[in-house]
Amino acid sequence: MLTRRSFTQLLAAAPLAAAPRRPNIVMIYADDLGYGDLGCYGHPTIRTPNLDRMAAEGMKFTEWYSAAPVCTPSRAALLTGRYPVRSGLTRVLFPSSNGGMPDSEVIIPQILKGAGYRTAMVGKWHLGHLPRYLPVKHGFDSYFGLPYSNDMTPTRGPGGGGGPKNPPLPLIQDDKVIETEPDQSRLTERYTEHALKTIRGSKDKPFFLYFAHTFPHVPLYAGARFRGKSPRGLYGDAVEEVDWSVGQILATLKQTGQDRNTLVVFSSDNGPWLPRGEYGGSAGLHREGKGSTWEGGMKEPCLARFPGFIPAGKVSTAHGNMMDWLPTFAKLAGAPLHTGVALDGQDMSPVLAGRSEGSERVFFYWNADDLRAVRKGPWKLHTVTNTTEFPPAKVTRLDQPALYNVLNDPSEKYDVAAAHPDIVAELLALMKEHQAAIQQAPKQR
Ligand code: MG
């Protein structure tokens, strides 16, 4: 007789048979959206019904990290599955930068293309704007978007940004500049049109869509239907339009019969830009924001929906990070991983399938080329203290490292290093070992 216990064991041992073969994958990445900025993560006034529905119909992660607290390295880590120091993309690129994604890196679209996927990118790239670095040179079949941040323009806008040193902001289609200084209040709508075109046009083979929103990075703009509507002001308007865009994607997947054959992930590149005041977001309970290795700089909202594969309404406390998506997508696509390079992510498909609660992970907090903190289980050790430092602020190296139990104390208020010298020593040793083992690539600036 099959007892409840043996049935559970059978389930746990079963292969991930529920996953359709080669599902479509949509990765949606917001810019500077904080952990606390969505309704389903507790924001009281920003209305995000579509993202809340993603959480209700899929999985909501509460311990998910970006591998960097600013734009460029966060995106490099997502697409390479590696800490940014390995690709050399450790700092924000500017219109004056000459660097970008090295040809030696194998990134998600290249892996999925090898498994027969159509690959499309919409939105903010920020991994090199010169022709050789654009998405179409790194595995994407098509591209529509801004090559870097929307504040890198001569035009000043709401919330800051802009300056006469910048060239006109280019809008790029594939590898051509099709406009300069586009109307930013129409960007989310135009990005969404391109994304929907990809979904509608991919009936013959599976697709990977990487949709990296420009907002809610400053300067803030929202379309006419959203401007002035959110109780949270212009920041809320911009986030609510991103939420609308997610709703359009979910609706189009349903209309085209691809709803149950598509994994949709939503997350953000780094924490909120707090010095921007009302034009910046909220990290919820977490300390500090963008540019900082406190939790608010790197812990992100993260939602994953894949009906029939991911259990509905599950809140996962599994410890994960953006570098996990590359091996996870490869696993779901049946694509072999490239060999000969160190990958820092791990396959999270058993967690997504509800068959694993995750494992104890060691995660390192880098800021640019500086290793500043480590987390293992509930414990996080800092060797420096730093505030939101973009533009750069003072960083103080601590004489004595500070230890926090970030599960009990997500706001990192209580340094308990004195009570746990053994844990401090263990975590310091892990940092030392990681620092010594990591292969730092030449900087891409
Ligand atoms: Mg950002």
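**Exercise 1.** How many positive and how many negative side chains does the protein have, and how far apart do the centres of the two sets lie?

*Solution.* The model is a predicted one. Take the charges by sign: 50 side chains are positive and 43 are negative. Then take the centre of each set; the two centres lie 4 Å apart.

**Exercise 2.** Which radius of gyration does the protein have, and what would a compact globule with 445 residues have?

*Solution.* Start with the expected value: for 445 residues, a compact globule would have a radius of gyration near 22 Å. The protein has 21 Å, which agrees. Next, look at the extent of the C-alpha trace, which spans about 60 × 60 × 45 Å along the principal axes. Then turn to burial: 61% of the 445 residues are buried. The exposed surface comes to about 16900 Å², with 53% of it supplied by carbon and sulfur atoms.

**Exercise 3.** What does the secondary structure come to, and what share of contacts between residues at least 6 apart in sequence join residues at least 24 apart?

*Solution.* Count the elements: there are eleven helices and 15 strands. For the contacts between residues at least 6 apart in sequence, the share joining residues at least 24 apart is 70%.

**Exercise 4.** Is Thr72 buried or exposed?

*Solution.* First place the residue: Thr72 belongs to helix α3, residues 71-80. Then apply the cut-off, under 20% relative accessible area for buried. Thr72 has 0% relative accessibility and therefore counts as buried. Finally, list its partners: apart from neighbours within four places in sequence, Thr72 contacts Leu89, Arg91, Val92, Leu93, His126 and Leu127.

Methods:
Residues numbered from 1 in each chain as written. Predicted model: local features only at pLDDT ≥ 70, side-chain atom pairs only at ≥ 80, totals over all residues. Heavy atoms only, no water. Helix = DSSP H or I, 4+ residues; strand = E, 2+ residues; numbered from the N terminus. Rg over C-alpha atoms; globule rule 2.2 N^0.38 Å. Buried < 20%, exposed > 50% of the residue type's maximum accessible area, 1.4 Å probe, protein only. Contact = heavy atoms within 4.5 Å. Areas by Shrake-Rupley, 256 points an atom, 1.4 Å probe, with all protein chains shown as cover. Lys, Arg positive; Asp, Glu negative; His and termini not counted. Charge placed at Lys NZ, Arg CZ, Asp CG, Glu CD.
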